[in-house]
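Here are my notes for your first look at this model. Keep the sequence and the 3D view open while you read.

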Amino acid sequence: MTSKTILLFDVDGTLTKPRNVISEHMLNYLLELASRVPVAVVSGSDYAKVEAQIGGPCAAGSLRYIFSENGLVVHEYGKQVSCTSIVDHIGEKLLQKFINYCLGYLSKLELPFKRGTFIEFRKGLINVCPVGRSCSQEERDEFTKYDEVHQIRQKFVDDMRSHFTSMELQFAIGGQISIDVFPRGWDKRYCLRFLKDYDVIHFFGDKTSEGGNDYEIYVDERTIGHAVQTPEDTQSQLMRMFP
């Protein structure tokens with residue numbers, strides 16, 4: 001690997017189990033790797049969630065970049081260096097129109113259970129969650145199985161696409177329970193504009209099939225994509241690259 005190489009990781013399902021904290025074994029390996037080659041992570045979650053998942057402030061400060069909210073918020077070695085807002089791009093009127101429509105759709109949706117926090121507004125995207133983000137991990141797992149059979153999120157995405165064609169929005173199913181919504185082009189590829197100094201960008205992600213929130217950056221010509229199944233698979237692939 002040359003000095004112009006960087007390793008870029010998705011978080012959920014790649015470095016950690018969904019919405020779980022990184023294991024001590026994986027964290028130690030990642031930090032050791034970061035001492036040899038620049039390491040960055042990219043996630044649709046906000047910075048506080050990403051920081052907590054990857055081991056806290058000390059671990060976050062050891063990574064070259066943390067691209068939270070798909071790179072709309074950028075931290076370099078733990079310090080924020082850039083921030084872009086979806087409100088400035090879309091405007092309050094259209095944003096409220098979209099949020100109100102989603103709340104109406106969700107109010108008519110019948111599921112085995114619902115909890116709270118169905119819409120989460122972030123700097124760079126809107127996270128829409130049919131079951132509610134306040135559900136427990138056990139309920140997350142249960143909804144994931146239900147969604148695989150009934151395609152709740154995919155049907156919701158298809159509906160939003162048909163209703164908001166003029167807003168140039170992009171929809172990505174990510175994690176276990178939610179959908180990320182953002183302006184077209186503001187998917188995880190957004191972070192690549194901050195990596196122009198690197199000749200080689202290895203990207204590792206688990207949602208790399210079309211429609212998944214890792215797909216666009218995985219197939220982008222600027223990256224070398226590595227599809228993984230679990231954090232253990234990620235480490236196994238890395239150990240072959242860095243014996």
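The numbered points below go from the annotated site to the cores, the cysteines and the backbone.

1. **Status of the model.** This is a predicted model. Please keep that in mind for every distance and contact below.

2. **The annotated site.** The record comes first. An unreviewed UniProt entry carries the annotation "binding site" for Arg19, Arg122, Arg133, Arg140, Ser178 and Asp180. Where do these residues sit in the model relative to the largest cavity? Arg19, Arg122, Arg133, Arg140, Ser178 and Asp180 are included in the lining of that cavity.

3. **Ser178.** Start with strand β9, which covers residues 178–183 and contains Ser178. Is Ser178 buried or exposed? Its relative accessible area is 7%. The cut-off for buried is under 20%, so Ser178 counts as buried. Beyond its close sequence neighbours (within four places), Ser178 contacts Asn127, Val128, Cys129, Arg133, Arg153, Ala172 and Ile173. Arg133 also appears in the "binding site" annotation.

4. **Asp180.** Asp180 lies in strand β9 too. Asp180 is buried, because its relative accessibility is 7%. Setting aside residues within four places in sequence, the contacts of Asp180 include Gly44, Arg122, Gln170, Phe171 and Asn213. Leu125, Ile126 and Asn127 are also among them.

5. **Asn127 as a shared partner.** Which side chain makes a polar contact with that of Ser178? The side chain of Asn127 does, at 3.0 Å. The side chain of Asp180 has a polar contact with the side chain of Asn127 as well, at 2.8 Å. Find Asn127 in the viewer and trace both contacts.

6. **Leu125.** This residue sits in the loop between β6 (119–121) and β7 (126–128). Leu125 has 0% relative accessibility, so it counts as buried. What does Leu125 touch, apart from residues up to four places away in sequence? The list is Gly44, Glu69, Asn70, Ile86, Glu120, Asp180, Val181 and Phe182. Take Ile86 as an example: Leu125 and Ile86 are 39 residues apart along the chain, while their C-alpha atoms are 6.3 Å apart.

7. **The largest nonpolar core.** In soluble globular proteins, nonpolar side chains tend to be buried together. How many residues does the largest nonpolar core have here? The number is 34. Phe98, Met160 and Val181 have the most contacts inside this core. At least two residues each come from α4 (86–90), α5 (92–107), β7, α7 (152–163), β8 (169–174) and β9. The largest share, 5 residues, is supplied by α5.

8. **Phe98 and the second core.** Not counting neighbours within four places in sequence, Phe98 is in contact with Ile126, Met160, Phe164, Met167, Leu169, Phe171 and Val181. A second core, separate from the largest, has 24 residues. Leu33, Tyr47, Leu63 and Ile66 are among them.

9. **Thr14.** Look next at the loop between β1 (5–9) and α1 (24–34), where Thr14 is found. Thr14 is buried, because its relative accessible area is 0%. Its side chain makes a polar contact of 2.8 Å with the side chain of Asp10. Farther along the sequence, the contacts of Thr14 include Met26, Phe204, Asp206, Val228 and Thr234.

10. **Cysteines.** How many disulfides are there? The count is 0. Why is Cys129 not paired with Cys135? Their sulfur atoms are 5.8 Å apart and a disulfide needs them within 2.5 Å, so the pair does not qualify. Cys135 has the nearest cysteine sulfur to that of Cys129. Cys129 is buried at 0% relative accessible area, whereas Cys58 is exposed at 70%.

11. **Two positive phi values.** Most residues other than glycine have a negative phi. Thr117 is not a glycine, yet its phi is positive, at about 65 degrees. Thr117 lies in the loop between α5 and β6 and is partly exposed, with a relative accessible area of 40%. Gln151 also has a positive phi, near 55 degrees. Gln151 belongs to the loop between α6 (137–150) and α7, and it is partly exposed at 37% relative accessibility. Please check both residues in the viewer.

Terms used: Residues are numbered from 1 along each chain as its sequence is written. This is a predicted model: local features need pLDDT of at least 70, side-chain atom pairs count only at pLDDT 80 or more; totals for chains, interfaces and linings use all residues. Side-chain values use heavy atoms; hydrogens and water are left out. UniProt positions are given in the numbering used here, feature names are shortened, and annotations may be inferred rather than shown by experiment. On a 1 Å grid over the protein atoms alone, a cavity is a set of points where a 1.4 Å probe fits but cannot get out, and a pocket is an open set with protein on both sides within 12 Å along at least five of seven lines; lining residues have an atom within 4 Å of a point. Helices (H or I, at least four residues) and strands (E, at least two) are DSSP runs, numbered from the N terminus. Buried means under 20% relative accessible area, exposed over 50%, partly exposed in between (1.4 Å probe, protein chains only). Contact means heavy atoms within 4.5 Å. A polar contact is a pair of N or O atoms within 3.5 Å; within protein, one must be able to donate a hydrogen and the other to accept it, and residues adjacent in sequence count only if both atoms are side-chain atoms. A nonpolar core is a set of buried Ala, Val, Leu, Ile, Met, Phe, Trp, Tyr and Cys residues joined through side-chain atoms within 4.5 Å.
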